[in-house]
Amino acid sequence: MTIFKRLSFGYALIMLMILFMGLYVTLKLNQLIEINHQVAAVDNATVKLGEGLLDSLFSQVGFEKKYLISHDADFYNQHHEMRTAFQKGLGAIEELTNSSRVNALLGEIGVLYKRYLSLFEEELDVRERKLDYVKNNYLEEREKVVSAINGKVVAIIKTATASRDESVVETH
């Protein structure tokens, strides 16, 4: 082989290696972009929505207590607004997530939340009809349900945080 052919072959080999390295780097960058999208669009959003759920739940409980004491319609209206915010937050997480664990937790939260609302409405009905009732029974039951909802929402936040952390580890 002549020197020219050897140099041409060497340069061609180097060019092929550069081409393959470029393709490899492009594929890896696409994977990183996908992971970053997952972290930003799903996991971080789920954490923020979960924190919003907790805020609306505890605001709702506060307005409930204020309404039961004062019978001021504004507190009932605020309670209803927080109910709407909570339900929208649940729906947003459900649309966002693809985790079976989070979906199972959302189902459990939905059942518990319906129980919480029914207890509140049941107490209002009993009070309006001026029937004898034990206030502490309703209060204790609602507190148990709210505590269970809180635990489930915190579990969703922890699941999303763990998923985010796993994704970050994948990028290294």
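Which residues are linked with Glu64 in a network of salt bridges? They are Glu123 and Arg142. The model is predicted. Its chain holds 4 helices and 0 strands. The radius of gyration is 28 Å, well over the 16 Å that the globule rule gives for 172 residues, so the chain is more spread out than a compact globule.

**Overall build**

- From the N terminus on, the elements run α-α-α-α.
- Helix H1 covers residues 3-70, and helix H2 covers residues 73-96.
- Helix H3 takes in residues 100-128, while helix H4 takes in residues 135-170.
- The C-alpha trace spans about 110 × 25 × 20 Å along its principal axes.
- Take contacts between residues at least 6 apart in sequence: 75% of them join residues at least 24 apart.

**Surface and charge**

- Of the 172 residues, 28% count as buried.
- The accessible surface comes to about 11300 Å². Carbon and sulfur atoms account for 61% of that surface.
- The chain carries 20 positive and 23 negative charges. The mean positions of these two sets are 7 Å apart.

**The loop between H1 and H2**

- Histidine 71 sits in the loop between helix H1 and helix H2.
- Its phi is positive, at about 60 degrees, although histidine 71 is not a glycine.
- For context, most residues other than glycine have a negative phi.

**Salt bridges: the count**

- The count comes to 5 salt bridges in this model.
- The three pairs below each link distant parts of the chain.

**Helix H2 to helix H3**

- Arginine 83 forms a salt bridge with glutamate 121. The closest N and O atoms are 3.1 Å apart.
- Arginine 83 belongs to helix H2 and glutamate 121 to helix H3, with the partners 38 residues apart.
- Is arginine 83 buried or exposed? Its relative accessible area is 13%, under the 20% cut-off, so arginine 83 counts as buried.
- Glutamate 121 is partly exposed, with a relative accessible area of 31%.

**Helix H3 to helix H4**

- Glutamate 108 pairs with lysine 152 in a salt bridge. Here the closest N and O atoms are 2.6 Å apart.
- Glutamate 108 lies in helix H3 and lysine 152 in helix H4, 44 residues apart.
- Glutamate 108 is partly exposed at 35% relative accessibility. Lysine 152 is partly exposed at 25%.
- A further salt bridge joins glutamate 141 and arginine 115. Its closest N and O atoms are 4.0 Å apart.
- Glutamate 141 is in helix H4 and arginine 115 in helix H3, 26 residues apart.
- Glutamate 141 has a relative accessibility of 28%, which lies between the 20% and 50% cut-offs, so glutamate 141 counts as partly exposed.
- Arginine 115 is also partly exposed, with a relative accessible area of 35%.

**The network**

- Glu64, Glu123 and Arg142 are linked by salt bridges into a network.

Conventions. Residues are numbered from 1 along each chain as its sequence is written. This is a predicted model: local features need pLDDT of at least 70, side-chain atom pairs count only at pLDDT 80 or more; totals for chains, interfaces and linings use all residues. Side-chain values use heavy atoms; hydrogens and water are left out. Helices (H or I, at least four residues) and strands (E, at least two) are DSSP runs, numbered from the N terminus. The radius of gyration is taken over C-alpha atoms; the globule rule is 2.2 Å times the number of residues to the power 0.38. Buried means under 20% relative accessible area, exposed over 50%, partly exposed in between (1.4 Å probe, protein chains only). Contact means heavy atoms within 4.5 Å. Accessible areas come from the Shrake-Rupley method with a 1.4 Å probe; for residues, only the protein chains shown count as cover. Lys and Arg count as positive and Asp and Glu as negative; His and the chain ends are not counted. The place of a charge is taken as NZ of Lys, CZ of Arg, CG of Asp or CD of Glu. A salt bridge is a side-chain nitrogen of Lys or Arg within 4 Å of a carboxyl oxygen of Asp or Glu.
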